[in-house]
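I sat down today to look up how some helices and strands pack against each other. Here is the model I had open.

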Amino acid sequence: MKHSVKTISVFSLAALVAVIISMPGCSRPASEERAPVPGSVKILPTDTVSELLSKAAGVVPSERQLAWQALEFQAFVHFGMNTFTDREWGQGTEEPKLFALTDFDAGQWVEAVKAAGIKGLIVTAKHHDGFCLWPSRFTEHSVKSSPWREGQGDVVGEVAAACRKGGLKFGVYLSPWDRHEPSYGDSPRYNEHFKNQLRELLTNYGEISEVWFDGACAEGPNGKRQVYDWEGYYTLIRELQPGAAISIMGPDARWIGNEAGVTRESEWSVIPVVGFDGLPDEKNPGGIAHLDAQAADLGSFGRIASVATFGGRLLWYPGQVDVSIRPGWFYHAAEDDKVKTLDHLLDIYYTSVGGNAQLLLNIPPDKRGRIHENDVQRLKELGDRLRATFAVNLAEGASSQRRGTVPTGDQAVIEGQPPSGTDGDSPSFRGWRSDFVYDLGGPKTFNVAMIKEQLRREGQRIEAFALDIWDRREWREIAKGTTVGYKKLLRFPAVETTKTRVRIIRARDWVSPLDPRESFGLFLDPGR
């Protein structure tokens, strides 16, 4: 299913005029003393290059966003009326009697996803057809009108309880679009209805870690297009579940821009946007304040400079990768032999969790109310492989040394020649570089490397880096990348060495040492 709509394009780059600003060569930059800002920072046409870089380097996530990012890997569970009609999108006219589970087991869901190393589960409490998986007081179109458990069942309640028992975080997807509800299209009336249902979910099922919204919207029975009260929805969530992340059509996490399981080569969490209200735009249902979630470039310095000319803001807005383990989002028996291969799922994991994003893998239960055996087996294979790979950090006992931190480039900006976009080769760009050398204490063999930035204290700063090994005569580059953020995972053919080096080729500000206990790791994937 498509969760978002193509949005308007970003503003074209505009020239930014600044003066040449001096900075001491190897000293700690003054901006390092600047207090980090969890939230948003204004950027202005009068900001110099140095000021823009300093502002971008100082934006950090909220504690709520940090907790959300630390989950790394969650399950999305599409389940409901479509499971029984063999559809992806329902009409809203389906009879509740079709919802006839034969062997529902929420505990089986939890055990299956935990086997993959998943830390949270988001269930589709209500999809576009309006059928509610909990006995809502505000509609008859719910499990209470179905034959399952003689109308006394509650899918949401059982899944929430199973997650708590199994140690998983629990979240809900509530579709704003409701093809069954008669009030849809009568905006004030439907918004009240929607908030009533949202309140039920936020008050009856314990802690909610995430509320997942998409931007699907249409006309109601009255022929009028529904106007969603996003501000009212957010206010209610913050009041009742202040720790819950509001994602996709929300201020805490954004859609990555595709449903293929991939991130951009340069995935930024510090995003420049125009507008200061922090709400989705009716003309732009794919993001916040004119953000094009599908744009190739969301956070380069060039784009920051462009948005600054209009007067905008920088905010911490990390990406979430939603992708299904099968071709469809709901269960279809015809897809039982089309579960993604282990290699495909590994590719998705390394480019999402390992590409500064959170992975949300959809796993649809079947008509019994259980996750199919083929999916269960694949999830176990994935978890076994990841556990085998990351069980031992071969760099954990390494001694490390920082060598050299220098500003690079010429700070001058020439009128009519705006800063470069993603390549940073413009003479207007100024960045910082550092080398971190690790003595492994003897020969180690590895084929996976991990780098993490200190997000709570420094935010996201690295724009380009490389990984080298010592081949007994000289340094040899074996991998490289652009952005890092929460986590960067690199895969390469197995190498053996006694020393390795991370070169920070370009960063927006001073980067703290990459501690091998927390921020740097070397691992051996036994399956490669």
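My notes on two helix pairs and one strand follow.

**Entry 1, a reminder.** I am working from a predicted model. I describe two packed helices by the angle between their axes and the distance between the axes.

**Entry 2, H1 and H8.** I looked up helix H1 (residues 49-58) against helix H8 (residues 301-308) and found an angle of about 110°, with the axes 11 Å apart. Angles of 65 to 115 degrees count as roughly perpendicular, so H1 is roughly perpendicular to H8. The crossing is right-handed. On the H1 side, I listed Val-49, Leu-52, Leu-53 and Ala-56 in the contact, and on the H8 side Phe-301, Ile-304, Ala-305 and Ala-308. Sorted by class, that contact has eight nonpolar residues, with no polar and no charged ones.

**Entry 3, H6 and H7.** Next I checked helix H6 (residues 187-204) and helix H7 (residues 230-240), whose axes come within 10 Å and cross at roughly 20°. With under 35 degrees counting as roughly parallel, H6 and H7 are therefore roughly parallel to each other. H6 passes H7 in a right-handed crossing. From H6, I noted Asn-191, Phe-194, Lys-195, Leu-198, Arg-199, Leu-202 and Thr-203, which meet Gly-232, Tyr-233, Leu-236, Ile-237 and Leu-240 of H7. My class tally for this contact reads seven nonpolar, three polar and two charged residues.

**Entry 4, strand E21.** Are the two faces of E21 (residues 520-523) covered or open? Both are covered: Phe-520 and Leu-522 are buried on one side, Gly-521 and Phe-523 on the other. I also looked up its pairing with E17 (residues 431-451): the two strands run antiparallel and are joined by four bridges. In one of the pairs, Ala-449 has Leu-522 of E21 as its bridge partner.

Key:
Residues numbered from 1 in each chain as written. Predicted model: local features only at pLDDT ≥ 70, side-chain atom pairs only at ≥ 80, totals over all residues. Heavy atoms only, no water. Axes fitted to C-alpha atoms, helices over the stretch in contact; angles between N-to-C directions. Parallel < 35°, antiparallel > 145°, perpendicular 65-115°, else oblique. Left-handed = near helix turned anticlockwise from the far one by under 90°. Contact = heavy atoms within 4.5 Å. Nonpolar A, V, L, I, M, F, W, Y, C, P; charged D, E, K, R; others polar. Buried < 20%, exposed > 50% of the residue type's maximum accessible area, 1.4 Å probe, protein only. Pairing = 2+ DSSP bridges.
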